[in-house]
Every structure is written in C-alpha cells, then in structure tokens.
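Hi there,

Here is the structure I promised to pass on to you. Have a look at it first, and then read my notes below.

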Amino acid sequence: MNVSMAMADHHLLFRPISTFMPTTTLPPFFSVSCNFSSTKAFAVPRRSVMALILSGCVFSQTRPNTAFAQQSVEFREFIDTFDGYSFNYPKNWIQVRGANADIFFRDPFILDENLSVEVSSPSSSKYKSVEDLGPPQEAGKAVLRQYLTEFMSTRLGVKRESSILSTSSRVADDGKMYYQIEVNIKSFASNNELAVMPEDRVVRMEWNRRYLSVLGVENNQLYELRLQVPENVFVEEENDLRKVMDSFRVNKLSA
C-alpha cells in the first residue's frame, strides 16, 4: 500500500504584558517562589520568565546550587475508546476542538508546541502491523514527505529545509511494535520577495521545529501520534516529550 496515500486519509499569546520590577539590587544568588494555578512545572530559563509575568513572586537569598529548582511535569492520561488509542500529555495543556485531527492538544503559552493524533480511514486501509510500512527508515521518509506536503506554501520566496534526525522501532509493554520518527523542518522567507535587486531580498528563518511521530497499527488502521515543538524548546523539554511518545498505545476495539 502507498504509505503517503494512507497517511493522507485523515488530515489534520502570548500578548506582551508591560511589567516592571523594583529597582532594588538583588543579592548575587536568589530563588523565585511563585504561586501557579497550574500544576505544570515550567522549564528553566524560558518558563521562569513566563512565571515572573503571570504571578507574584517572592525572592529570597539562597545558595547557587538550589536556585531555580525544577520540578517534574505532571501528566494526564487521554483514552479514546471509540477510535482505540491512549497517551499521556502534560496536565496543563489544553484541548483545541475543531482542529484538523482526531484529537489536538497544545501548550497554553507556546502555541507552536502541540500534540495531535491521526487515524487512517478503516475503509481504505487494512494494516496488520506497523511493519507493513517497511523498515523504520522507509516509514521516516513517508512521514517527512507528508509533513512537507502539508506545509507547502504558495507564498513567493518561501523555502523549506528538512532532514530525518532518527528512526527506530520498539516493542511496548502491550506487545505491539511502534515506530518512532524524528524530523527537523526549517522555514525561510524573504522580507521583500518582490524586490528587483537580489540584495534587497534578504532571506530569514521564520521557524525551526522538530516533529516527533509515533506510528502504531491496530484494528487494521494506522495510528500516528504527532508532536510539534520549536527546536529551542525541545532542548529544554526533551525528557517530558519523550515520555509522551513512550506512552502512546493503540488498543483493540470491541467487536
């Protein structure tokens, strides 16, 4: 079966706040204690800045090795008994309804960081195993092609650079095999694509993202968990995102 066709069966503020801090000079080493309404711990240093903006903070002198202690992210389990899959996601992520996916969650602060699941049509796919896609390397090529097709732009001067970072397979505790694919896509665009002189068409990077996919097969259908995250955020949150990937399961539907 053509992998790209099967995967295409089921498609898919941060408002600046003016704040000011007291001009009093702080001690050389300090910690920040904040009262969050969410139970998610924010990564440091990116999320500590957001925390300062969103809540009142108490500064106290402390030793360098205890400054900005980072807590573990809490997860919530999502189970879809109708389509037959489950996964864990960060507890403070919010569900977005109406997105072009079977399910869609995103980070409430970093809108480019999100999670979705896509399921192939039962009427047009008869998968027995994820190995029907070929080896992980071939599946990775199909995943990348699908991403590039979805991000195709009609704007002048837009250029995309992409690469497959890793492909692997694993057998989970449910006895099923899953493929894990990681790709990077960068988008470049000219600030003045209609300029006559080449020196006036300066090309700059618009975004640089990592896409992580987990593929599994059950109920004769292909399931894909997708994670999108900016590369600079991935560096901070890699462990938590891999926990999401490892939690993905496809489940047998009752007859």
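Ala189 has Arg204 of β10 as its bridge partner. Strand β9 (residues 177-190) and β10 run antiparallel and are joined by 12 bridges; two strands count as paired if DSSP finds at least two bridges between them. Strands (E, at least two residues) and helices (H or I, at least four) are DSSP runs, numbered from the N terminus. This is a predicted model, where local features need pLDDT of at least 70 and side-chain atom pairs 80 or more, while totals for chains, interfaces and linings use all residues. Residues are numbered from 1 along each chain as its sequence is written, and side-chain values use heavy atoms, leaving out hydrogens and water.

β10 is also joined to β11, by 10 bridges, and these two run antiparallel as well. Tyr211 has its bridge partner, Gln228, in β11. Their hairpin has 2 residues between the strands, and Asn219 takes a positive phi near 55° there.

Is Arg209, in strand β10, buried or exposed? Arg209 is buried, with a relative accessible area of 12% (buried means under 20%, exposed over 50%, partly exposed in between, with a 1.4 Å probe and protein chains only). Its side chain makes a polar contact with that of Tyr211 at 3.1 Å (a pair of N or O atoms within 3.5 Å, one able to donate a hydrogen and the other to accept it; residues adjacent in sequence count only if both atoms are side-chain atoms).

Enjoy exploring!

Best wishes
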